[in-house]
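Subject: Structure handover

Hello,

I am passing a structure on to you. Please open it before reading my notes.

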Amino acid sequence: SPADMLRQLRHQSVAHVTQDEGCRIVWQQWPATAKTERPPLVLLHGGFGSWTHWVHNLAALREKHTIWTLDLPGLGDSGDMPAPATTEHFAQLVLSGLDTLLGASSVFQLAGFSFGAMIAAHIAAQAGSRCTRLTVIGSAGCGSLHVQVPLLAPPSSACSQEQSESIQRENLARLMLHGSDSIDDLAVYVHANNLARYRFNSRKLSRSEDLLRALPLIEAPLVGVWGAEDSTAGGYDAIIRREMLFRHHQPDCEFHVLDGVGHWAMYEAPAQINHILA
């Protein structure tokens with residue numbers, strides 16, 4: 001079952017907890033499966049999510065890096081987000097946790113998805129040369145370029161299991177995944193389980209220009225990734241406008257548009273994402 005699969009996967013990680021400003025952040029360390037000299041790779045999940053957004057990527061990425069995942073404040077198993085609930089504050093808390101776990105002078109690579117990509121950009125800006133590569137996947141924080149997708153109301157306690165699953169599948173199709181084959185039992189379970197635990201609504205911050213504000217402050221080599229069918233992206237022309245903004249600050253940056261792929265690109269096209277990250 002999906003629950004058993006996630007339980008077995010998590011048993012391959014080492015659990016860590018950091019505390020800052022009264023906020024408890026839960027981390028997962030995934031040791032590299034082969035000897036590597038590469039910096040650790042830190043993965044940030046999307047809004048209303050948890051580390052499980054990376055379920056299809058961990059095995060492959062561990063062949064090249066030690067991987068660190070976490071549940072962002074207000075989401076998953078971590079504590080509530082302390083005020084102020086700004087992107088910069090999220091970044092400060094996560095970077096403080098990394099300092100505790102890796103050391104205050106450590107170097108690392110970052111990759112973030114959606115809301116987590118926007119936070120990763122501010123972590124990179126705050127970390128300076130310590131961040132050796134930043135990859136943003138379907139990033140929020142692009143201001144007027146970002147599309148807010150209308151969704152069905154989450155299932156209530158009065159819904160049957162069949163009704164709840166139908167609502168989750170429809171919302172996954174509207175927001176997260178383009179191909180119907182990708183909306184499998186694991187995707188439904190991950191999505192429903194994450195929604196059941198969220199306490200921070202990231203939609204307002206996702207509509208901000210917080211990613212764009214961070215771009216000129218980032219020293220790390222920048223990689224942009226969008227699914228061509230990402231429902232939050234506003235179409236191909238809007239994706240290309242993002243690429244132009246990226247290249248304005250880093251003319252030689254990498255930028256990938258993945259054909260036939262929706263918002264949750266790591267789940268829908270794991271081989272492509274793993275190749276870009278590794």
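Below is what I found, starting with the cores.

Please keep in mind that this is a predicted model.

The largest nonpolar core has 47 residues. Six of them touch the most other members: Leu 44, Phe 108, Leu 110, Ile 123, Leu 134 and Phe 246. Helix α4, residues 115-127, supplies the largest share of this core, with nine residues. Another core lies apart from it and has 36 residues. Trp 264, Met 266, Tyr 267 and Ala 269 are among them.

Leu 134 deserves a look of its own. Neighbours within four places in sequence are left aside here. Leu 134 then contacts Leu 110, Ala 120, Ala 121 and Ala 124. Its other contacts are Ile 218, Ala 220, Pro 221, Leu 222 and Val 223.

Next, helix α1, which spans residues 2-10. Ala 3, Leu 6 and Leu 9 are buried there. Seen down the axis of α1, its buried residues fall within an arc of 130°, so they line one face of the helix. What do they pack against? The partners are β2 (23-30), α2 (58-61) and α6.

Helix α6 covers residues 185-195 and holds His 191. Is His 191 buried or exposed? Its relative accessible area is 12%. The cut-off for buried is under 20%, so His 191 counts as buried. Beyond four places in sequence, His 191 contacts Gln 168, Leu 172 and Met 176. Gly 76 is 115 residues away from His 191 in sequence. In space, the two are 11 Å apart, C-alpha to C-alpha.

Best wishes

Technical notes: Residues numbered from 1 in each chain as written. Predicted model: local features only at pLDDT ≥ 70, side-chain atom pairs only at ≥ 80, totals over all residues. Heavy atoms only, no water. Core = buried A, V, L, I, M, F, W, Y, C linked by side-chain atoms within 4.5 Å. Buried < 20%, exposed > 50% of the residue type's maximum accessible area, 1.4 Å probe, protein only. Helix = DSSP H or I, 4+ residues; strand = E, 2+ residues; numbered from the N terminus. Contact = heavy atoms within 4.5 Å. Arc of directions from axis to C-beta.
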